[in-house]
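Below are some notes on the model you passed along, set out as numbered points. They begin with the metal site and then turn to the sheet and the helices around it.

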Amino acid sequence: MLEILTYPDKRLRNKSENVRSFDAKLHDLLDQMYMTMIAKNGVGLAAIQVGVPLRALIINLPDENGDQSIKNLIEVINPEIITKEGSIKFNEGCLSVPEYYDDVERFSDIVVRFKDRFGSDKELEAKEYLAVAFQHEMDHLEGNLFIDRISIMKRKKFEKELKKNRKKKL
Ligand code: CO
């Protein structure tokens with residue numbers, strides 16, 4: 001299993017680079033990311049969260065029965081948002097920001113173009129939860145975190161709590 005970087009680790013602020021080789025090394029990374037994400041009960045993970053600054057991410061949302069099936073796993077390489085509209089407020093969390101959740105406003109309907117692990121072109125229309133997941137994970141590729149999108153007041157409170165909790169652990 002891979003180690004997940006957590007805030008305020010500076011590596012999370014790196015801007016990720018395009019994937020150029022759709023080779024066994026990439027496939028191994030994606031497989032390891034999947035195992036790590038499932039072990040940590042996550043629904044999405046970007047490569048930079050395991051310290052690899054490549055534009056690769058995975059999303060695996062639970063289905064209507066709440067089951068997180070590998071059938072619904074989406075592997076996303078070098079994504080681009082083609083169209084975006086509408087808005088949705090969603091309570092987000094992140095494996096790199098443990099134990100913190102907050103409402104973030106995102107586009108509710110997007111069309112994304114990306115490549116799969118073999119370098120084939122894909123296009124997908126994503127709505128609501130899936131649209132939120134894409135935008136959250138794509139933020140990671142730019143070195144952004146969902147806590148950058150909350151209000152200054154909430155952010156200050158979050159930073160204060162983080163310091164307090166760190167002291168406790170000493
Ligand atoms: Co995240």
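1. In sequence, the residues that donate to the cobalt ion follow the spacing C-x41-H-x3-H. This is a predicted model, and the site should be read with that in mind. The protein donors are C94 through SG, H136 through NE2 and H140 through NE2, and they lie 2.1 to 2.2 Å from the cobalt ion.

2. The two histidines deserve a separate remark, since both belong to helix α2. Because H136 and H140 are 4 residues apart in that helix, about one helical turn separates them. As to their surroundings, H136 is buried, and H140 is buried as well.

3. What is the order of the strands in the sheet? The sheet is open and has 5 strands, arranged as β1-β2-β3-β6-β7 with antiparallel pairing. Its edges are formed by β1 and by β7 (121-127), each of which pairs on one side only. Direction ignored, neighbouring strands of this sheet are turned against each other by 35° on average.

4. On one side of strand β2 is β1 (residues 44-46), and these two strands pair in the antiparallel sense over 3 bridges. Within this pairing L45 stands opposite I58 in β2, while the bridge partner of G44 in β2 is I59.

5. Strand β2 is also joined to strand β3 (residues 74-85), by 4 bridges, and here too the strands run antiparallel. A56 can serve as a reference point for this pairing, as it stands opposite I77 in β3.

6. Which residues of β2 point one way, and which the other? From this strand, which spans residues 56-59, A56 and I58 point one way, whereas L57 and I59 point the other way, and all of them are buried.

7. Two helices pack on the sheet, and they can be described in turn. Helix α1 (residues 24-39) touches β1, β2 and β3, and its direction makes about 40° with that of β2. Helix α2 (residues 128-141) touches β1, β2, β3, β6 (109-115) and β7, and its direction makes about 120° with that of β7.

8. Taken together, these points link the metal site to the fold: helix α2, which packs on the sheet, is also the helix that holds H136 and H140, two of the protein donors of the cobalt ion, with C94 as a further donor.

Methods: Residues numbered from 1 in each chain as written. Predicted model: local features only at pLDDT ≥ 70, side-chain atom pairs only at ≥ 80, totals over all residues. Heavy atoms only, no water. Buried < 20%, exposed > 50% of the residue type's maximum accessible area, 1.4 Å probe, protein only. Pairing = 2+ DSSP bridges. Axes fitted to C-alpha atoms, helices over the stretch in contact; angles between N-to-C directions. Contact = heavy atoms within 4.5 Å. Donors = N, O, S within 2.8 Å, 3.2 Å for Na, K, Ca; no water.
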